[in-house]
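I opened this structure with a notebook beside me. These are my entries, in the order I looked things up.

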Amino acid sequence: MATTHAMAGLAVAALATLAAPEHAPVLAAAGLAGGLFPDLDLYAGHRRTLHFPVYYAVAAAAAVPVAALAPGAWTLAAAVFLAAAALHAASDVLGGGLELEPWRETSERAVYSHFHGRWLPPRRFVRYDGSPEDVVVAVGLGVPAALAFEPTVQRVVGAALLVSVGYAVVRRRLPRLVTWLVGFAPTAVRSRLPERFLD
Ligand SMILES: [Zn+2]
């Protein structure tokens, strides 16, 4: 889920603070933003438009040595942002498929690789977003990462983990709610919704 990706991005930022502790706040922001960024395509070609499992990694591999040679707030933030986005896009393969009820395991689309020119299949180590194991991963990444930062960041992590638990509690009821709500939507709105919301 998005919050797990954000916590993974913060973990990347926490590692970067070992090299540049003076930039901790900007690194935290870059890690959280990079972890969330790919999922901004939720309603426009989800897991394809802003998901680049190979190209983000290539960009991060270029940005990290630049940040190492010229460590400043901007170069470090760019490296952390790209590494967090790369981790997000690549780790989407470890979850479930792109479908409204991913626990049904009918979709063979986890994330689109523009490099390979095809969808990569889901491995389902985390069966679906908002599953109990997803919460465990979010807590397992978020809590140790938060220790590298000051209380403001720790409060953000606490809020994100609370949201994660709440999402996990209602997750399996959401598809019915969405389907029910979509039933009331005018045709003009419905025709703009992603396919997975309509079946
Ligand atoms: Zn994603």
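**Pocket lining**

I began with the lining of the largest pocket, whose residues divide into 23 nonpolar, nine polar and eight charged. I keep in mind that this is a predicted model. Next I looked up the volume of the largest pocket, which is about 990 Å³. Its lining counts 40 residues, and the closest to the pocket centre are Met1, Ala2, Arg47, Asp129 and Tyr167.

Which helix gives the largest share of the lining? I found that helix 1 does, with five residues. I then listed the helices that supply at least two lining residues each: helix 1 (2-17), helix 4, helix 5 (132-146), helix 6 (151-170) and helix 7 (174-184).

**Zinc site**

I moved on to the metal. Which residues coordinate the zinc ion? I noted Asp39 through OD, His51 through NE2, His88 through NE2 and Asp92 through OD. The distances run from 2.1 to 2.4 Å. Along the chain I read the donor spacing as D-x11-H-x36-H-x3-D.

I placed two of these donors on the fold. Asp39 sits in the loop between helix 2 (24-36) and helix 3 (55-69), while His88 belongs to helix 4 (residues 73-91). The two are 49 residues apart in sequence, so the pair ties together separate parts of the chain.

Then I checked the geometry. Why is the arrangement around the zinc ion irregular? The four donor atoms subtend angles of 85 to 164 degrees. A tetrahedral site needs all angles between 85 and 135 degrees, so I wrote the arrangement down as irregular. For reference, I noted that the ideal angle for four tetrahedral donors is 109.5 degrees.

Are Asp39 and His88 buried or exposed? I counted Asp39 as buried because its relative accessibility is 18%, and the cut-off for buried is under 20%. His88 is buried too, with a relative accessible area of 2%.

**Aromatic pairs**

I looked for ring contacts next. The structure holds seven aromatic pairs. I followed up two of them, beginning with Phe52 and Tyr56, which form an edge-to-face pair. Their centres are 5.4 Å apart and their planes meet at 85 degrees. Phe52 is partly exposed, with a relative accessible area of 23%. Tyr56 counts as buried, at 8% relative accessibility.

My second pair was Tyr112 and Trp119, also edge-to-face. I noted 5.5 Å centre to centre and 75 degrees between the planes. Tyr112 counts as buried at 11% relative accessibility, and Trp119 is buried with a relative accessible area of 16%.

**Backbone at two arginines**

Last, I looked at phi angles. Arg47 has a positive phi of about 60 degrees, although it is not a glycine. I had met Arg47 before, among the residues closest to the centre of the largest pocket. Where does Arg47 lie? I found Arg47 in the loop between helix 2 and helix 3. At 12% relative accessibility, Arg47 counts as buried.

Arg124 was my other entry here. Its phi is positive as well, about 60 degrees, and Arg124 is not a glycine either. I located Arg124 in the loop between strand 2 (118-120) and helix 5. Arg124 counts as buried, at 17% relative accessibility.

Notes: Residues numbered from 1 in each chain as written. Predicted model: local features only at pLDDT ≥ 70, side-chain atom pairs only at ≥ 80, totals over all residues. Heavy atoms only, no water. Donors = N, O, S within 2.8 Å, 3.2 Å for Na, K, Ca; no water. Tetrahedral: all angles 85-135°; square planar, octahedral: opposite > 155°, others 65-115°. Helix = DSSP H or I, 4+ residues; strand = E, 2+ residues; numbered from the N terminus. Buried < 20%, exposed > 50% of the residue type's maximum accessible area, 1.4 Å probe, protein only. 1 Å grid on protein atoms, 1.4 Å probe; cavity = no way out; pocket = protein on both sides within 12 Å on 5 of 7 lines; lining within 4 Å. Points joined across faces, edges and corners; volume = space filled by probe spheres on them. Nonpolar A, V, L, I, M, F, W, Y, C, P; charged D, E, K, R; others polar. Phe/Tyr/Trp six-rings, centres within 6.5 Å; stacked < 30°, edge-to-face > 60°.
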